[in-house]
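Me: Got a model open here and I'd like to talk it through. Can you keep me company while I look?

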Amino acid sequence: MTTQEIVKRYNITIHNDNQIAVGRNPKSLKAAELQAIKEAKPEILAYLKAEKQAKEDAAKARTAAIDGIEGLDILRKAINDHGAYHDEVNRRFEDEMMSGIMPAKPTASISEIKAQYPRAAAYIKAENWTLASNVDKYSAGKRAVERIINGEDHAQVIADMET
């Protein structure tokens, strides 16, 4: 049996970087199975560490790809600023003592930023679709987000998502 098969069959995970944990009750294992796991421990540890590292590298690459979308941080900040402004206006209307004092309106125009950074706007739109309660809309948004992250043409991705 290969290391991968052993890990999968016995649901083995890494514990404290140098130990392994068997997902099944060790008392339910036969002596030969337990001995095989003990003998394969170095290979199992190496396999699990490599698997963990591969997942971390994939997560870092994904984060870097998202961070590489030009204007995404600017657009998110503008959207957040406008949301905070509206929340503050509502709060002040509810507070009788402050109803006449209005906060400063954000100067950034979301529509202008979207026009300047269409890929970031497409990513935000697709990301918003992933928040839908409709399963089909969620799925379309999830696929669109992944395609935009992978560098596909954002206009085509959004057109596909909307159809």
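Reply: Sure. One term before we get to the loops: helices (H or I, at least four residues) and strands (E, at least two) are DSSP runs, numbered from the N terminus. Also, bear in mind that this is a predicted model.

Me: OK, so how many helices and strands are there in the protein?
Reply: Eight helices and two strands. Going from the N terminus, the order is α-β-β-α-α-α-α-α-α-α.

Me: What sits in the loop between β1 and β2?
Reply: D17 is in that loop, and N16 has its place there too. For orientation, β1 covers 12–15 and β2 covers 19–22.

Me: What's phi doing at N16?
Reply: N16 has a positive phi of about 55 degrees, although it isn't a glycine. Most residues other than glycine have a negative phi.

Me: And what is phi of D17 near?
Reply: Near 65 degrees, again a positive value in a residue other than glycine.

Me: Is N16 buried or exposed?
Reply: N16 counts as exposed because its relative accessibility is 55%, and the cut-off for exposed is over 50%. D17 has 48%, so D17 counts as partly exposed.

Me: Switching to helices. How many residues has α4?
Reply: 23 residues, 72–94. From its first C-alpha to its last α4 reaches 33 Å, close to the 33 Å expected at 1.5 Å a residue.

Me: Which residues in α4 are buried?
Reply: L72, L75, A78, H82, Y85, V89 and R92.

Me: Why would residues three or four places apart point the same way?
Reply: An α-helix has 3.6 residues a turn, so residues with that spacing point the same way.

Me: What do the buried residues of α4 pack against?
Reply: Three helices: α3 (41–67), α5 (110–116) and α6 (118–129).

Me: Now the overall shape. What radius of gyration does the protein have?
Reply: 25 Å, whereas a compact globule of 163 residues would be near 15 Å. The C-alpha atoms fill a box of roughly 80 × 45 × 30 Å along the principal axes.

Me: How much of the protein counts as buried?
Reply: 25% of the 163 residues. The protein exposes about 11100 Å², and carbon and sulfur atoms supply 52% of that.

Me: What about contacts between residues 24 or more positions apart?
Reply: They account for 55% of the contacts with a separation of 6 or more.

Me: Last one: how many positive and negative charges are there?
Reply: 24 positive and 25 negative, and their mean positions are 7 Å apart.

Key
Residues numbered from 1 in each chain as written. Predicted model: local features only at pLDDT ≥ 70, side-chain atom pairs only at ≥ 80, totals over all residues. Heavy atoms only, no water. Expected span 1.5 Å × (residues − 1). Buried < 20%, exposed > 50% of the residue type's maximum accessible area, 1.4 Å probe, protein only. Contact = heavy atoms within 4.5 Å. Rg over C-alpha atoms; globule rule 2.2 N^0.38 Å. Areas by Shrake-Rupley, 256 points an atom, 1.4 Å probe, with all protein chains shown as cover. Lys, Arg positive; Asp, Glu negative; His and termini not counted. Charge placed at Lys NZ, Arg CZ, Asp CG, Glu CD.
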